[in-house]
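Thanks for making the time this morning; I would like to walk you through one model, going from the overall fold to a few individual side chains. Please have the viewer open while I talk.

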Amino acid sequence: MRKIIITSFFVPLLLAPQFLEAQCAMCRAVLESGGNSSAAEGVNNGIVYLMAIPYLLVAVLFYFVYKKMKV
């Protein structure tokens, strides 16, 4: 049951990064003033992916530690 809850929370976040607004105020101001929306979208997606990788690595580490301690 717990696995289903965790999966149902994280999978939509990983599959839909275009809905997340992860730009800092300075990046957003510069990109929106330039008028190039594809560059702004690319930077936003890049920030989301860079933010997600450390969390995934830590989650995998904790999963293996949990499995090791459970046995």
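**From fold to side chains**

Reading from the N terminus, the elements of the protein chain run α-α-α, and the secondary structure comes to 3 helices and 0 strands. This is a predicted model, so let me turn to confidence before anything else. The mean pLDDT of the protein chain is 76, with 69% of its residues reaching 70 or more. Confidence is lowest in helix α2, residues 25–34, where the mean is 69, and it is highest in α3, where the mean is 85. As a general caution, where pLDDT is low the predicted coordinates should not be read in detail.

Let me go on to helix α3, then. It covers residues 37–70, which is 34 residues, and from its first C-alpha to its last it reaches 49 Å, close to the 50 Å expected at 1.5 Å a residue. Which residues of α3 are buried? They are A40, N44, N45, V48 and A52. For the protein chain as a whole, buried residues make up 13% of the 71 residues, while the exposed area is about 6200 Å², of which carbon and sulfur atoms supply 74%.

Next, the aromatic rings. A search of the whole structure finds 1 aromatic pair. It is formed by Y63 and F64, whose ring centres are 5.6 Å apart and whose planes make an angle of 65 degrees, and because the edge-to-face class begins over 60 degrees, the pair counts as edge-to-face. As for accessibility, Y63 is partly exposed at 41%, whereas F64, at 54%, counts as exposed because the cut-off for that class is over 50%.

Finally, I would point you to the surface, where I6, F9 and F10 make a nonpolar patch of about 310 Å². I6 has its place in helix α1, residues 2–15. Why can I6 belong to such a patch? Its relative accessible area is 42%, which makes it partly exposed, and therefore it passes the requirement of over 30% for patch residues.

Definitions and conventions:
Residues numbered from 1 in each chain as written. Predicted model: local features only at pLDDT ≥ 70, side-chain atom pairs only at ≥ 80, totals over all residues. Heavy atoms only, no water. Patch = residues over 30% accessible without salt bridge, like charges linked within 9 Å, V, L, I, M, F, W, Y side chains within 5 Å. Areas by Shrake-Rupley, 256 points an atom, 1.4 Å probe, with all protein chains shown as cover. Salt bridge = Lys/Arg side-chain N within 4 Å of Asp/Glu carboxyl O. Helix = DSSP H or I, 4+ residues; strand = E, 2+ residues; numbered from the N terminus. Buried < 20%, exposed > 50% of the residue type's maximum accessible area, 1.4 Å probe, protein only. Phe/Tyr/Trp six-rings, centres within 6.5 Å; stacked < 30°, edge-to-face > 60°. Expected span 1.5 Å × (residues − 1). pLDDT = per-residue confidence, 0-100.
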